[in-house]
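The following exchange examines a single protein chain through a series of questions. Each answer works from the coordinates toward a value or a name.

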Amino acid sequence: MNKMGKVKLIVTVVMGILTVIVSQNEKAKREEQQERLDTYQQILTDPEVQEEQREAVSNIMVQDSVNTNIEGSTYTIPAILIASEDAMAINKEILETYNRKMEEEEFRQNNGEELIIKDISYESYYNTAAYSLVIIEEHYDGSIEYTAYNVSARSGRKLSNGELITSTGMTNQEFTGKLLALYGEEFIKLYGERESYEEGLRNQEETLTENEIQAQLELYDEQYNNTIDYENYDIKAEMFLNKKGNLCVAGKIYSMTDNENNMVIVEIAK
């Protein structure tokens with residue numbers, strides 16, 4: 001064997017050894033991660049465990065990857081501490097998305113433009129079915145944007161909304177019916193029952209004509225019906241499981257006062 005052949009052989013052997021070491025390290029890392037997940041799951045499912053311990057488990061599954069301030073705004077960007085390809089891909093997406101948003105806000109600030117994003121924060125939940133991370137983006141105009149990420153509590157695999165619905169034991173039809181009913185309740189929380197809304201119109205200081213009152217009631221009916229209409233349900237809506245394992249959805253409640261609709265979180269109890 002010539003000198004070049006020996007060099008190639010040595011390189012091949014070294015690369016083979018490195019590959020084995022990397023594989024072994026990755027296997028050990030995944031085994032350690034699975035052991036940690038198993039421990040967490042035991043804590044979360046043990047009826048003797050105190051609520052504070054459950055909260056602690058949820059909190060140590062996430063960390064802040066970026067925390068910065070722009071003119072009084074606070075942006076706290078999280079990363080999921082789960083050793084899976086899907087979790088790492090989610091972290092990459094989160095970092096790229098919110099780094100871009102922060103750069104856009106810095107550009108607005110440097111050019112004397114009004115800022116859009118006031119605060120970015122997050123909440124995290126861990127239960128027997130999923131680990132859920134919800135990023136909350138609050139805007140200066142009062143609107144809120146929610147973005148949810150969900151991974152399997154057992155494997156770290158990213159979960160679809162369909163899988164979240166299935167984990168609750170509900171059919172799609174049951175889920176949709178409950179969801180739209182909750183949307184209707186949220187609309188009434190904001191604007192009251194139709195009768196009380198009409199009473200408020202008739203008793204306000206600035207007297208309205210009958211035509212104006214009827215126009216407002218027609219708008220009430222239209223926006224309420226839009227809120228509970230099936231078309232207001234989107235399988236791509238932001239969904240997550242809270243610590244009780246109940247499915248939560250970021251829903252759109254049609255507005256009576258302006259063109260901006262209200263985003264709220266509704267919880268569908270099992």
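Q: With which residue does Lys189 form a salt bridge?
A: In this predicted model, the closest N and O atoms of the pair are 3.3 Å apart. The two partners are three residues apart in helix H5 (residues 172-191), so about one helical turn separates them. The salt-bridge partner of Lys189 is Glu186.

Q: Is Glu186 buried or exposed?
A: A residue counts as buried under 20% relative accessible area and as exposed over 50%. Lys189 has 63% relative accessibility and therefore counts as exposed. Glu186 has 17%, which places Glu186 in the class buried.

Q: Which residue forms a salt bridge with Arg100?
A: Arg100 lies in helix H3, and the partner lies in that helix four residues away, about one turn. The closest N and O atoms are 3.3 Å apart. Arg100, at 40% relative accessibility, counts as partly exposed, and the partner, at 32%, is also partly exposed. That partner is Glu104.

Q: How many residues apart are Lys244 and Glu267?
A: These two residues form a salt bridge whose closest N and O atoms are 3.1 Å apart. The pair links distant parts of the chain, with Lys244 in the loop between S6 and S7 and Glu267 in strand S8 (residues 262-268). Their separation in sequence is 23 residues.

Q: Which class of exposure applies to Glu267?
A: The limits are under 20% for buried and over 50% for exposed, with partly exposed in between. Lys244, at 56%, is therefore exposed. Glu267 has 33% relative accessibility and so counts as partly exposed.

Q: Why does Arg108 count as buried?
A: Arg108 lies in helix H3 (residues 85-110). Leaving aside neighbours within four places in sequence, Arg108 is in contact with Glu113, Glu114, Leu115 and Ile116. The limit for a buried residue is under 20% relative accessible area. Arg108 counts as buried because its relative accessibility is 18%.

Q: What is the relative accessible area of Phe240?
A: Phe240 lies in strand S6. Beyond four places in sequence, its contacts include Tyr125, Val134, Leu164, Leu247 and Ile265. Phe240 and Asn161 are 79 residues apart in sequence, yet their C-alpha atoms are 8.1 Å apart in space. Phe240 is buried, and its relative accessible area is 5%.

Q: Which strands give two or more residues to the lining of the second largest pocket?
A: The second largest pocket has a volume of about 200 Å³. Of its 14 lining residues, the closest to the centre are Ala237, Glu238, Ala250, Lys252 and Met263. The elements that give two or more residues to this lining are strand S5 (144-152) and strand S7 (247-253).

Q: How many charged residues does the lining of the second largest pocket have?
A: The lining can be divided by class into nonpolar, polar and charged residues. Six residues are nonpolar and two are polar. The number of charged residues is six.

Q: Where in the protein chain is confidence lowest?
A: The mean pLDDT of the chain is 80, and 74% of its residues reach 70 or more. Confidence is highest in strand S6 (residues 239-241), at 95. Over residues 3-23 pLDDT stays under 50, and the model has two contacts beyond four places in sequence for that stretch. Confidence is lowest, at a mean of 50, in helix H1 (residues 3-45).

Conventions:
Residues are numbered from 1 along each chain as its sequence is written. This is a predicted model: local features need pLDDT of at least 70, side-chain atom pairs count only at pLDDT 80 or more; totals for chains, interfaces and linings use all residues. Side-chain values use heavy atoms; hydrogens and water are left out. On a 1 Å grid over the protein atoms alone, a cavity is a set of points where a 1.4 Å probe fits but cannot get out, and a pocket is an open set with protein on both sides within 12 Å along at least five of seven lines; lining residues have an atom within 4 Å of a point. Grid points are joined across faces, edges and corners, and a volume is the space filled by probe spheres set on the points. Ala, Val, Leu, Ile, Met, Phe, Trp, Tyr, Cys and Pro count as nonpolar, Asp, Glu, Lys and Arg as charged, and the others, Gly among them, as polar. pLDDT is the predictor's confidence in each residue, from 0 to 100. Contact means heavy atoms within 4.5 Å. Buried means under 20% relative accessible area, exposed over 50%, partly exposed in between (1.4 Å probe, protein chains only). A salt bridge is a side-chain nitrogen of Lys or Arg within 4 Å of a carboxyl oxygen of Asp or Glu.
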